Amino acid sequence: MDKAGRKRKRRTEYLSTRLFIWLALFYVFQVSIYVSYLICPEIWFDNDNSKILIASVLVVFLLIMYFRIVRPYLDKEYHLRRIIDGYMTMEDPDTEMGIALTPMAHSAEKEVYKALNSTQAINLNKRQAQYLALQNQINPHFLYNTLDSIRSEALIAGLDNVAEMTEALAVFFRYTISNVENLVTIEDELDNCRTYFMIQQYRFGDRISLEIKMEEPNLGRYLIPKLTLQPILENSIIHGTEMKVGHGTTVISVSKSDSRILIEIKDDGVGMDEETLERLNRRMDSSAGEFGRKGEVGGIALGNVNNRIRLLFGQEYGIHVFSIKDYGTSVEISLPAVTHAPDMGNGGKDEQ
């Protein structure tokens with residue numbers, strides 16, 4: 001079954017489950033009314049106060065059923081779906097809020113939690129990541145050597161612009177491919193943005209410009225996921241300033257609020273209409289983060305960056321987009337102010 005077919009199947013299962021739950025609650029409500037009528041039929045005809053009392057009791061009974069049975073079930077289903085979607089994190093069943101559906105379900109949850117958080121599984125993932133990192137270092141050397149040869153030939157031929165562009169491209173690829181760390185400093189990310197923008201300027205010339213503003217000089221030491229800013233800067237150029245008639249400016253602003261780092265990437269490009277903006281933010285807020293259609297505003301870049309931020313730091317962080325058609329777009333990134341890599345076994349939390 002292809003991806004679209006699996007998506008339709010899961011959507012059908014999702015709707016069927018919720019339809020069954022609401023039909024079950026409605027059926028319980030109907031049965032409760034019928035039982036109360038069989039026990040005390042005179043109450044429903046003779047005493048208005050008694051009718052109100054019985055109706056209130058039935059409503060309270062349904063609310064208890066929802067919050068003690070239905071809501072925990074939906075929460076468990078949500079966590080299982082996140083695991084299926086690749087979010088391999090899970091709260092400890094013994095400390096998680098709510099109740100277990102059954103003793104057997106609680107026991108199964110504990111076993112899954114132990115398997116996902118075992119030292120053996122963590123070490124295996126680290127070894128696999130280290131192996132892939134070493135394997136992926138082989139091909140980049142060929143790329144760097146080739147670019148260096150092109151640069152040398154360009155210098156010999158007196159093509160200074162080609163040489164500079166090739167050197168900038170080599171620096172960009174070295175940062176993108178060779179640096180295997182999950183987190184880098186904001187300053188490193190900004191340097192990568194400057195390199196990327198230099199390459200784009202060879203294409204657009206004076207049509208585009210980049211401004212970088214930092215509220216405090218020491219903000220550059222805080223850590224963010226690698227390749228957080230450049231994909232959004234690329235979107236800003238492709239979907240914003242490139243499509244604008246005349247000069248376009250992109251501004252990257254970095255500030256700090258309490259324990260958060262706030263980064264805004266703002267352009268004065270063509271912007272987007274309210275419907276497109278709403279659809280983009282809705283996909284951003286969804287748990288699955290379904291992105292990837294070429295041609296859509298944002299493409300896969302925004303979803304990729306947003307999902308990586310939430311995987312590392314939690315659902316309270318991420319990206320939100322603001323835009324006005326014909327005036328420009330602003331992408332706001334919220335991150336924790338950390339200077340050390342977070343403990344992934346602790347839900348991505350870290351002390352400042």
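Mentor: Two elements are in contact when heavy atoms lie within 4.5 Å. Keep that in mind for this model, which is predicted. Helix α11 lies across strands β6 and β7 (328–336) and runs at about 145° to β6.

Trainee: Which order do the strands of the open sheet have?

Mentor: Read an open sheet from one edge to the other. Here five strands, with mixed pairing, follow the order β2-β4-β5-β7-β6. The edges are β2 (208–214) and β6 (318–324); each has a single partner strand, so one side of each is left without a neighbour in the sheet. From one strand to the next, the twist averages 15°.

Trainee: In which sense do β4 and β5 pair, and over how many bridges?

Mentor: Look at the sense of the pair, then count bridges. Strand β4 (residues 248–257) and strand β5 (residues 260–267) are antiparallel, joined over eight bridges. For a single example, take Val 254, whose bridge partner in β5 is Ile 263.

Trainee: Back to α11. At what angle do α9 and α11 pack?

Mentor: For a helix pair, read the angle, the axis separation and the handedness. Helix α9 (residues 230–241) packs on helix α11 (residues 301–313) at about 155°, and the axes are 9 Å apart. Angles over 145 degrees count as roughly antiparallel, and α9 and α11 are therefore roughly antiparallel to each other. Their crossing is left-handed.

Trainee: Which residues of α9 and α11 meet?

Mentor: On the α9 side they are Pro 231, Ile 232 and Asn 235; on the α11 side, Ala 301, Leu 302 and Val 305. This contact has five nonpolar residues, one polar and no charged.

Trainee: How do α10 and α11 cross: left-handed or right-handed?

Mentor: The crossing of α10 and α11 is right-handed. The axes of helix α10 (residues 274–285) and α11 come within 10 Å and cross at roughly 35°. From α10, Leu 280, Met 284 and Asp 285 meet Leu 302, Gly 303, Asn 306 and Arg 310 of α11. The residues of this contact divide into three nonpolar, two polar and two charged. Leu 302 of α11 is listed in the contact with α9 and also in the contact with α10.

Trainee: How many aromatic pairs are there?

Mentor: Ring pairs are read from the distance between centres and the angle between planes. The count comes to two. One of them is Phe 172 with Tyr 196, a tilted pair at 5.9 Å centre to centre, with 40° between the planes. Phe 172 belongs to helix α7 (residues 160–178) and Tyr 196 to helix α8 (residues 186–204), so the pair ties together parts that are 24 residues apart in sequence.

Terms used:
Residues numbered from 1 in each chain as written. Predicted model: local features only at pLDDT ≥ 70, side-chain atom pairs only at ≥ 80, totals over all residues. Heavy atoms only, no water. Axes fitted to C-alpha atoms, helices over the stretch in contact; angles between N-to-C directions. Helix = DSSP H or I, 4+ residues; strand = E, 2+ residues; numbered from the N terminus. Parallel < 35°, antiparallel > 145°, perpendicular 65-115°, else oblique. Left-handed = near helix turned anticlockwise from the far one by under 90°. Nonpolar A, V, L, I, M, F, W, Y, C, P; charged D, E, K, R; others polar. Pairing = 2+ DSSP bridges. Phe/Tyr/Trp six-rings, centres within 6.5 Å; stacked < 30°, edge-to-face > 60°.
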